[in-house]
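Biologist: I should like to learn how to read the features of a protein model. May we go through one together?

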Amino acid sequence: MSLIAGSYERFIWGFKLKPLTHDPPSQSLTLTQIFSYPSHIAPITTVAAAGPAAASGSSDDTIHIYDLSSAASLGPLHHFSSSITSLSFYCPPNLSFPRNLLSAAADGTISIFDTEPFVLLKSFRSHKKCINDLAVHPSGKLALSVSRDGCLAMSNLMRGKRSFCCRLGKEATIVKFDGSGERFFMASEEKIGVHLAEDARLLFELDNQKRVLCAAPGEGGILFTGGESRSITAWDTNSGKVAYCIEDAHSTRLKGIVVLTKDGGSDDEPYLVASASSDGFIRVWDVRMAVKEKPNPLAEANTKSRLTCLAGSYLKSSKRPRIGKSTPKEEDVAEEV
């Protein structure tokens, strides 16, 4: 398992999560740093990871690509005229290497990249103002985005254009699909709306009391959120109630949450969730223990920087990401995506 974090100081941080001992029952883990350097010339605003590929976006109008298996930087993508605000990889269920990278920008545009190699397929305008967040449906055929224009937009990724847009009651800052794609979540200040993906109907509105700054869907209808409360809250989106909570998980506000355990794990394996806070700490938790008592983190790293975002992945693919030299013709986009 690997984690990648971005900071306000322009640094990118890479870590590998490894067992501290060879005794599996001990469940002792350590975060081993694999790289750290100023990869951008402005604060890093967003990161994404899938398999051995990772990406970071910044207010310097560039995306940088990384190979986590070799802890190497592959260089930047220069296709933008405004800050990168959100990144998301699309990885088909039967593949361990992502097929596409999607980016959202402050000028309201969404860009679609192929990942073998990294070349721009299509860029189109989805919003009138800065896009706050972007979520790709598990099918890879559509994406949702929320913006400072107060709208929710749905984009057809097969055709590379916006297909639907509606105005919300207030600006949303986070949008996420659940693992099945049947529901999606939107956060606005301290409220989180649980919606049906089929018709966007609101099922529940969750009240976090304090502003939500990050969210990550887990297994079995669980949604993890964090933010100004400094806690990790696990919501049961089937009932609309809190399943459990790690109080005071950090001493400052949370800026990122990553679910590291997929498919529910097993009874004798920890269910791992990683979190990052604005004071520079990254912590890994076994959230099963939160049901009984406040757990201690299984691993911790202090970057001593102001972290802004966090992403994680498994390294199961033998492929190496690479950046392409040319851009496919526009008529090839629908076939490639």
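Modeller: Let us begin with the record. The UniProt entry, which is unreviewed, carries the annotation "repeat: WD" for residues 272-288. Please keep in mind that the model before us is predicted.

Biologist: What are the helix and strand percentages of residues 272-288, and how far apart are the end C-alpha atoms?

Modeller: The span is 71% strand and 0% helix, and its end C-alpha atoms are 9 Å apart.

Biologist: How many helices and strands does the chain have?

Modeller: The chain has one helix and 28 strands. Of its 337 residues, 53% are buried. The chain exposes about 15000 Å², of which carbon and sulfur atoms supply 47%. As for contacts between residues at least 6 apart in sequence, 46% of them join residues at least 24 apart.

Biologist: Let us take one residue of the annotated span. Where is Trp285 found, and is Trp285 buried or exposed?

Modeller: Trp285 belongs to strand S26. Its relative accessible area is 2%, so Trp285 is buried, the limit for that class being under 20%. The C-alpha atoms of Trp285 and Val273 are 5.3 Å apart, although 12 residues separate the two in sequence. Beyond its neighbours within four places in sequence, Trp285 is in contact with several residues, including Ile232, Ile246, Tyr271, Pro295 and Leu298.

Biologist: Which side chain makes a polar contact with that of Trp285?

Modeller: The side chain of Ser275 does, at 3.0 Å. The side chain of Ser275 also makes a polar contact of 2.7 Å with the side chain of His250. His250 is in the loop that runs between strand S23 (241-246) and strand S24 (254-259). With a relative accessible area of 2%, His250 is buried. Apart from neighbours within four places in sequence, His250 is in contact with Arg230, Ser275, Ala276, Ser277, Phe281 and Arg283.

Biologist: Ser231 is also in a loop. Which side chain joins that of Ser231 in a polar contact?

Modeller: The partner is Glu247, at 3.4 Å. Ser231 lies between strand S21 (222-227) and strand S22 (232-236), and at 3% relative accessibility Ser231 is buried. Among its contacts beyond four places in sequence are Thr225, Gly226, Cys245, Asp248 and Leu254.

Biologist: How should one read a nonpolar core?

Modeller: In soluble globular proteins, nonpolar side chains tend to be buried together. Here the largest nonpolar core has 18 residues, and Leu3, Leu17, Leu31, Leu260, Ile282, Val284 and Leu310 touch the most other members. Strands giving two or more residues to this core include S1 (2-7), S2 (11-19), S3 (29-38), S26 (281-286) and S28 (307-313). A second, separate core has 17 residues, among them Phe224, Ile257, Val259 and Val273.

Biologist: Which residues does Leu17 touch, not counting those up to four places away in sequence?

Modeller: Leu17 touches Met1, Leu29, Thr30, Leu31, Leu260, Leu272, Val284 and Ala299.

Biologist: What is a disulfide, and how many does the structure hold?

Modeller: A disulfide is a covalent bond between the sulfur atoms of two cysteines. The structure holds zero disulfides. As for individual cysteines, Cys130 is buried at 10% relative accessibility, whereas Cys245 is partly exposed at 24%.

Biologist: What should one look for in the backbone?

Modeller: Most peptide bonds are trans, and most residues other than glycine have a negative phi. In this model, the peptide bond from Glu116 to Pro117 is cis, with omega near -5 degrees. Pro117 is in the loop between strand S10 (109-115) and strand S11 (118-125).

Biologist: What is the phi of Asp61, and where does Asp61 lie?

Modeller: Phi of Asp61 is near 70 degrees, which is positive, and Asp61 is not a glycine. Asp61 lies in the loop between strand S5 (53-58) and strand S6 (63-67). Its relative accessibility is 24%, so Asp61 counts as partly exposed.

Biologist: What is the phi of Gln209, and is Gln209 buried or exposed?

Modeller: Gln209, although not a glycine, has a positive phi of about 75 degrees. This residue is found in the loop between strand S19 (202-207) and strand S20 (212-217). Gln209 is exposed, because its relative accessible area of 63% is over 50%.

Notes
Residues are numbered from 1 along each chain as its sequence is written. This is a predicted model: local features need pLDDT of at least 70, side-chain atom pairs count only at pLDDT 80 or more; totals for chains, interfaces and linings use all residues. Side-chain values use heavy atoms; hydrogens and water are left out. Helices (H or I, at least four residues) and strands (E, at least two) are DSSP runs, numbered from the N terminus. Buried means under 20% relative accessible area, exposed over 50%, partly exposed in between (1.4 Å probe, protein chains only). UniProt positions are given in the numbering used here, feature names are shortened, and annotations may be inferred rather than shown by experiment. Contact means heavy atoms within 4.5 Å. Accessible areas come from the Shrake-Rupley method with a 1.4 Å probe; for residues, only the protein chains shown count as cover. A polar contact is a pair of N or O atoms within 3.5 Å; within protein, one must be able to donate a hydrogen and the other to accept it, and residues adjacent in sequence count only if both atoms are side-chain atoms. A nonpolar core is a set of buried Ala, Val, Leu, Ile, Met, Phe, Trp, Tyr and Cys residues joined through side-chain atoms within 4.5 Å. A disulfide is a pair of cysteine sulfur atoms within 2.5 Å.
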